[in-house]
Structure formats: structure tokens, C-alpha cells
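Trainee: Could we go through this model together? I would like to begin with the charged pairs and then move on to other contacts.

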Amino acid sequence: MKLRCVVLLCAFAPALFGKLSWRELPPLPDPLGVAGAFVAVENGALIVAGGAQFEVSPFQGGTKRWVAGAYAFEGGQWRAVEPLPTPLGYGASVQTPLGALWIGGSDARRHYPNVLRVRYEEGRLSFAQLPPLPAPCANLGAALLGETVYVVCGQASPDATQAEKRFWAASLAELSNPVTLPVWRELEPWPGPGRILPVTVAQNGALYVFSGAELVPGGRRFLADGYKYEPGRGWTTVAGPPAPVVAAPAIARGPAHILVFGGDDGSRFAQNDALGDSHPGFSRAVWAYHTITDSWTRLEDAPFGRVTTTAANYQGGVVVPSGEDRPGHRSPRVDLAEPSSLESGFRPLDYAALGLYLVALVAIGVYFSRREKTTGDFFLAGRRIPWWAAGLSIYGTQLSSISFIAMPAKVFATDWVYLLVQASIVLAAFPAAWLYLPFFRRLNVTTAYEYLEARFNVAVRLFASASFILFQIGRMAIVLFLPAIALTTVTGIDVYVSILLMGLLATLYTAMGGVEAVIWTDVLQVFVLLGGALLSLVLILTRLDGGITDLFRTAAAAGKLHVFDWKWDYTTTAVWVVLIGNFFNNLVPYTSDQAVVQRYLTTKDEASARKGIWVNAVMLVPSTLILFTLGTALWAFYGAHPQLLDPELPVDAVFPLFISQQLPVGLAGLVVAGVFAASMSTLDSSLNSVSAAIVTDFYGRFRPHVPDAPKLRLARWLTVLFGALATTVATALAASDVGSLWDAFQATMGLFGGALAGLFALGIFTRRAHGAGALVGAVASVLILAWTQQNTSAHFFLYGMIGVLSCVIVGYLASLALPGERKDLAGLTLSDRPR
């Protein structure tokens with residue numbers, strides 16, 4: 001697929017992303033340097049051990065000498081530490097949670113199968129022998145993928161005339177605690193020829209093998225091929241490097257890139273003896289391979305060219321210690337590459353567009369504040385919202401900024417399997433519109449949980465409302481924090497400024513204008529977001545010679561349009577897992593989430609509310625196609641222009657990156673403003689619905705005689721309180737490492753979603769369930785789902801189904817077994833509903 005340049009776009013495309021800034025660290029204490037050394041980063045210290053060197057140039061009759069010495073670099077200086085048990089070099093170094101593994105290697109006499117576990121603690125280097133390789137091997141490649149170490153064997157002996165073609169694997173658990181020997185498994189090797197000194201790196205769920213040299217009569221054949229190994233799927237051929245990169249140090253960087261530094265391209269291999277000590281040295285090229293687009297790009301050259309050394313992540317950058325800088329010569333030099341900050345593509349006009357949009361949102365809140373006289377106005381907009389606006393608001397509430405950014409990114413990185421997730425939302429609209437909606441409308445409720453008291457008892461109502469409130473409190477901070485991180489990386493807007501802008505402005509207009517302001521800002525952001533996505537898609541398609549036809553043809557050939565996995569495996573995205581699992585997952589918000597149900601209650605009647613649900617369902621079809629096609633188009637665009645990608649950016653930043661750097665000035669600001677608004681839309685919905693739940697289900701429930709005016713004041717103050725809390729927590733997430741605690745809180749509260757939807761299903765579809773049984777079912781649902789997550793490999797798409805069905809089944813059986821209050825069920829179950 002070829003892309004042509006449109007002047008409007010190319011004016012904003014930077015020449016290069018992902019620049020590296022190089023600086024020298026103090027050199028290795030051994031002035032001769034070493035090649036083939038083992039490398040590790042342990043407890044903050046850089047370790048270099050073993051390898052081989054020449055005291056006298058081999059072109060002057062010198063002999064290669066293997067060494068055992070080891071050095072640790074910490075505190076800004078090198079010092080000698082415990083040496084290797086014997087002189088050894090040209091093995092593989094793999095960093096693991098167990099410590100560094102130094103695998104295989106050679107000395108002057110032979111090659112070895114040894115596997116050493118290396119640890120550096122309290123200034124001492126220690127070694128432990130682990131189960132050896134099935135055969136001696138040196139000049140090999142190895143990497144850790146998941147919990148398994150993979151080895152690409154290179155050469156079995158010093159005098160071998162043919163490179164090995166053997167592929168081994170062993171899990172960390174087997175290596176650290178072998179029960180039976182051997183622990184190394186022989187796997188099917190890569191499709192290409194055997195090779196020595198390959199580039200071997202694990203990245204993005206796969207093992208990659210590039211280049212290397214094949215041993216042939218009279219010398220070596222330098223390879224420039226590439227292969228990818230995926231556990232359970234085997235080997236596939238991928239794009240090889242533009243030139244051979246034999247013995248090059250390489251490393252996985254960011255979520256999807258592999259950086260390769262220099263290497264021997266073989267261009268002067270036949271002249272090595274003739275050039276001798278006047279050899280100009282190895283290549284200084286730095287190559288970046290992008291695993292998603294299967295493309296290579298050349299970054300700025302490194303200040304050195306070295307081979308037979310190992311690159312390692314160190315102090316936020318990549319360190320390349322010592323190595324061979326030309327045939328027969330080693331360098332003690334140590335270089336550290338640090339990623340440079342990303343240049344923002346935002347211009348003053350973009351900031352102006354962003355500012356005007358945010359002012360417009362506040363103006364909407366000010367406008368509607370004059371109409372919010374009662375809690376009925378503040379929570380239900382006086383039931384005067386048009387059905388189409390309610391439907392767009394439902395859609396906008398569910399299409400958070402996280403989804404807007406993540407959906408194209410998911411398609412960019414994978415395929416169209418998640419299309420069925422969107423289809424399941426349409427399926428969930430049918431029961432929501434015809435089976436659940438009548439109960440919410442005919443009972444004339446403000447919150448969904450009022451139904452649960454009418455059907456069961458007040459305890460069930462309070463359990464459900466409290467679960468919803470706690471989950472939303474956690475969610476509010478996340479919907480501020482994650483988009484702010486993504487936007488900051490590509491726009492240059494400070495993350496704290498982003499959080500404060502979104503949090504404070506959303507709180508302001510929600511406190512003033514209530515749900516009416518929330519709904520109309522939702523409507524505005526839907527048009528801005530989808531318009532921005534459609535514009536981005538059109539602009540990319542104008543740069544494709546074959547247009548959308550060529551895009552789909554190329555994507556189909558690469559497997560990027562794959563949708564259906566026809567298998568029964570419950571651990572993967574099989575068709576039934578995606579459809580059935582997400583049908584239940586979407587029942588949760590559409591039947592039990594106050595933020596969504598509240599929209600049903602803002603229209604004038606049940607028929608209008610039903611139309612709103614269908615508007616949301618219908619909107620999903622074109623919007624899904626736009627966002628999915630956009631993800632595929634981004635894959636094509638960055639496949640043709642891999643130099644525009646930044647290895648340090650997360651995959652989820654790919655669409656904001658395109659917006660910031662490729663959209664015309666002004667429009668980029670408007671679309672980014674839409675992303676801000678989408679985050680604010682989710683926040684404002686949560687703020688208003690949480691306020692409604694507290695005022696109605698708790699304060700109003702237990703103080704029914706309090707006049708409406710104090711309730712309205714409380715609702716506004718609660719909105720301010722929780723808006724401030726969400727903004728504060730989001731700021732704390734950005735400032736400190738408390739994300740894991742917050743993730744744990746969110747995961748725990750997420751267990752309650754299936755229980756909530758299960759309570760509504762239990763109430764509507766059964767007559768014999770009662771309050772005590774319903775509570776037992778809800779608690780059982782939480783416990784069963786927690787056990788499932790911890791002890792099974794079931795795909796997370798199935799969690800909603802497990803939570804809902806376990807609540808219904810256990811709740812029904814418990815109701816049969818336990819005594820319960822007999823209630824008048826007229827109008828409260830499906831069989832008792834008036835026709």
C-alpha cells in the first residue's frame with residue numbers, strides 16, 4: 001500500500017519521533033574491554049562479567065584470551081566483584097524475576113551448556129547452577145517471554161562448520177525448582193536456516209529472531225530475515241531488518257518496539273584480514289522495529305558501533321557496555337541512551353480551540369442552572385429531555401474518553417474480534433427496552449434501586465445503591481487520570497493541568513446545571529468526538545493510493561480484519577465468549593447502573609425512553625464502524641510511516657498522537673477538546689447519579705419529611721464534594737505510585753456489577769425470590785466471581801455472565817430454603833406486570 005502526501009497534513013508531520021540522547025558513563029575498568037561478556041542489572045547495579053579480549057591485535061599475531069573478571073557499576077563508579085567460576089564468554093544474558101540468567105557460552109577449548117542464576121546483593125555477586133541446556137551452545141540468543149525462557153542455539157563447538165537450528169524452552173518455575181529432569185523442552189525451530197549470533201528479543205507477547213550468520217564453507221552468510229514465535233501458535237515470518245544486524249545488542253522498548261544497535265552487516269567481512277587494524281568499525285545505525293505494523297525505521301545513528309555485547313534497561317534508558325568495536329579490538333566504552341521528550345504538535349490555535357470548547361461546556365451549565373429549582377429538575381431534568389438527546393446521552397456516557405482512545409488503539413494493535421463486543425450492546429438493548437424499562441418508568445422512581453425495595457426490602461436497596469456509589473467513586477478518578485496521561489504524552493499539556501481542568505469544570509457545570517447540563521454536554525461531545533474520528537479517517541484515506549478498498553485488501557491479507565474465533569475455548573475471545581459474555585456485561589450498566597437508568601427517567605414517558613435506548617443502539621453501528629476502520633487505518637498509516645511512532649508511547653496513545661501531529665491546526669485542538677469532554681461526560685454522569693443515589697436512597701429514604709429545597713442544596717454540595725474527591729485522587733494517582741492500591745479497590749468493587757444486575761433479574765423474572773434470598777445471592781455472586789478470577793483461566797468477558805447467573809441461581813435457591821416476607825408483587829415481576 002502506497003501513501004501520497006497531502007500538503008495540509010505533511011506540514012504538521014515531524015521528521016522523526018523516538019530520538020535517543022546518548023551520554024558516556026565511566027568506562028569499564030579493564031582498559032582492553034571485553035567482547036561476549038555477560039551483562040545484568042541487579043538491585044540498581046550494572047554488572048559486566050567474563051568475555052574475551054586481545055592484549056595484542058590478532059592481525060599482529062595476538063591470541064584471544066577469555067576472562068572471568070566481573071565488575072559492578074553503582075554510585076557512579078565501577079568496582080571489581082566476585083569473578084565467574086571459570087573464564088567464559090559469548091553466552092546469552094536474560095533478566096528475570098529470579099535474577100539474571102547467564103546461559104551457555106564458551107572458552108578457548110569448548111562450548112558449555114551451563115545456566116547460571118546471578119544475584120547481586122549487599123555488594124556481592126553470587127552464582128547458582130540451574131538445570132543445564134540439552135547441549136553445549138555459544139553464540140546463541142535467549143529471551144524471557146512471560147514466565148518462560150527461550151533459547152535459540154547458535155553453535156555447538158568452536159570447530160563446528162554448521163550453525164545449530166535448535167529451539168529450547170524452560171519455565172522459570174522448572175528452572176528454580178526442578179522436579180524432573182530435563183526441564184528444557186525441545187520445540188519446533190524457526191523456518192529459516194540455522195545461525196549464530198542472532199538478535200533474539202521478546203516483545204508484545206511474542207519472541208522475535210532477526211538476522212544472524214549462517215556458517216557456510218569458507219566463512220559466513222549474513223542473514224537479514226525475521227521470525228516471530230507465539231506460544232500456542234508457532235512461528236511466522238516477519239519483516240527482517242533492512243540490513244544484516246549480526247551480533248547486535250538489542251532490547252524491547254515501550255509496548256511494541258525493538259531497538260537494534262548497529263551490528264555487523266557483513267559488508268566488510270571478506271576484507272577483514274586486508275583491512276586489519278585499519279578497519280573503520282561496525283555499523284552505527286540504530287533500527288527500530290515495530291511489532292504491530294511489522295515495519296522498520298532508522299533512528300539517528302549511535303555515537304559508536306559495537307557488536308557481541310548486550311543492551312540492558314538501566315536508569316530509565318538503555319545501556320550498552322563494552323563490546324567489539326572492530327574486528328579483533330574491544331572497547332571499554334559504556335554508553336547510555338536516554339529517550340528524549342516528545343515534541344508537542346499542539347499550536348496556539350489548538351489551545352484556543354480547546355479553551356473555547358471548555359468555556360462552552362461551562363456556559364451550558366450556567367444556562368441550565370436557572371431551571372434547576374427542584375430535585376426533580378436536578379436529577380431528572382423535569383422529564384423534559386427529548387428522546388433523541390436522551391439516547392445520545394446514553395451513548396455518550398458509555399463512550400468514555402477511555403473507550404474513544406482505546407477502541408482504535410485495540411484495533412490498531414490486534415484485529416476486529418472486539419467488533420462482537422459492540423454487537424452485544426445492541427443485543428442487550430432488547431431486554432433493556434422491553435423487559436426492564438417498564439418497571440423503572442411505571443414505578444415513578446428517581447433511582448433504579450427504589451425498585452429493589454419495592455420488590456424485596458430496604459436492605460437490598462441499600463446494598464445495591466451503596467455498591468453503585470462506591471464503584472463510581474473509584475471510577476471517577478480513573479476516568480480523569482487515564483485520559484490525562486494519554487493526552488499529556490502527545491499534546492504537552494501538563495498532566496495535573498489536564499486533571500484539574502477536567503475535574504473542576506465538570507464539577508462546576510454539573511453542580512450548576514444538574515442532569516440537564518450533563519445530557520446536553522453529552523450530546524455536544526458525541527458530535528465532536530465522532531466528527532473528529534471521521535475526519536481523521538477521511539484524512540488517512542486521502543493518503544492511500546487505493547483508498548478504502550486498498551486499505552481493506554491490505555489489512556485482510558495481514559489478518560487485521562479477523563473477527564470470528566470458532567472454537568469452544570473459554571479462555572480466549574471465541575465467538576461465544578465475546579457475544580454471550582458481553583451480552584451479560586452490557587446488561588449490568590443498561591439494567592442496574594443509575595448513570596444509565598437515570599437517562600431513561602428524563603424523558604416525558606416510557607415510549608420516549610424506549611426510543612432513546614434504540615437511538616443508543618443505532619448509534620453504535622456507524623460509530624463502531626468508524627472507530628474500527630480508523631484503528632485499521634492508523635495501522636496502515638504508521639506501517640507506511642514508522643518513523644512517526646515513538647517507542648516510549650503506550651499503544652493507547654496512537655490516536656491522540658495522530659490527532660496532535662497530523663490534524664490541521666485548530667481542528668486538533670477541537671478534537672482533543674472532545675476527548676476532554678468525553679472524560680468530563682463520564683465524570684459528570686457519575687457525579688449526578690451518585691448524588692441522586694445518596695439523596696434519594698439514603699437521606700430521603702430515612703428523612704422523608706425533609707422539604708425538597710434542603711435536598712437540592714445537599715445534591716449540589718455532594719456534587720462538589722465528590723468532584724473534588726475525584727480530582728484529588730486522580731492527582732494523587734499521577735503524583736505517586738498508588739495506582740496498584742486503586743486498581744485493587746476498583747477490581748474489588750467491580751465484583752459487585754454482576755450481583756447488581758443479578759438482583760434486578762431475580763426480582764423481575766422470578767416470583768418466589770425474596771429479600772433474604774436476594775442478599776444471599778448477591779454475596780454469593782461476589783464470592784464466586786472472586787474465586788473465578790483467582791483460580792481459573794476463564795476469559796474476563798465471562799465475568800459478567802458468571803456474576804449475574806450466580807446471583808440469580810443462588811438467590812432463587814436461597815429463597816426456596818430460607819423463610820422470607822410475603823409481598824404483594826403486583827406490577828413488580830414480569831408475570832405480574834400490567835399488560
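Mentor: Let us start with Arg333 and Glu24, whose side chains meet in a salt bridge at 3.8 Å, N to O, where the term stands for a side-chain nitrogen of Lys or Arg within 4 Å of a carboxyl oxygen of Asp or Glu. This is a predicted model, in which local features need pLDDT of at least 70 and side-chain atom pairs count only at pLDDT 80 or more, while totals for chains, interfaces and linings use all residues. Residues are numbered from 1 along each chain as its sequence is written, and side-chain values use heavy atoms, with hydrogens and water left out.

Trainee: Where do Arg333 and Glu24 sit in the chain?

Mentor: They link distant parts of the chain, 309 residues apart, with Arg333 in the loop between strand 29 (329-330) and strand 30 (334-339) and Glu24 in strand 1 (residues 20-25); strands (E, at least two residues) and helices (H or I, at least four) are DSSP runs, numbered from the N terminus.

Trainee: Is Arg333 buried or exposed?

Mentor: Arg333 is partly exposed, with a relative accessible area of 24%, given that buried means under 20%, exposed over 50% and partly exposed in between (1.4 Å probe, protein chains only).

Trainee: And how many salt bridges does the structure hold?

Mentor: There are 26 salt bridges, including one between Glu82 and Arg124 at 3.3 Å, N to O. Glu82 lies in the loop between strand 7 (77-81) and strand 8 (92-96), and Arg124, 42 residues apart from it, in strand 11. Arg124 is exposed at 54% relative accessible area, whereas Glu82 is partly exposed at 22%.

Trainee: Changing topic, which cysteines form a disulfide?

Mentor: Cys137 and Cys153 do, with their sulfur atoms 2.3 Å apart, and the structure holds 1 disulfide, a term that means a pair of cysteine sulfur atoms within 2.5 Å. Cys137 lies in the loop between strand 11 (124-130) and strand 12 (141-145) and Cys153 in the loop between strand 13 (148-152) and strand 14 (167-171), so the link ties together parts that are 16 residues apart in sequence. Both Cys137 and Cys153 are buried.

Trainee: What does Ser424 touch?

Mentor: Leaving aside residues up to four places away in sequence, Ser424 touches Leu579, Asn582, Phe583 and Asn586, contact meaning heavy atoms within 4.5 Å. Ser424 belongs to helix 8 and counts as buried because its relative accessibility is 0%.
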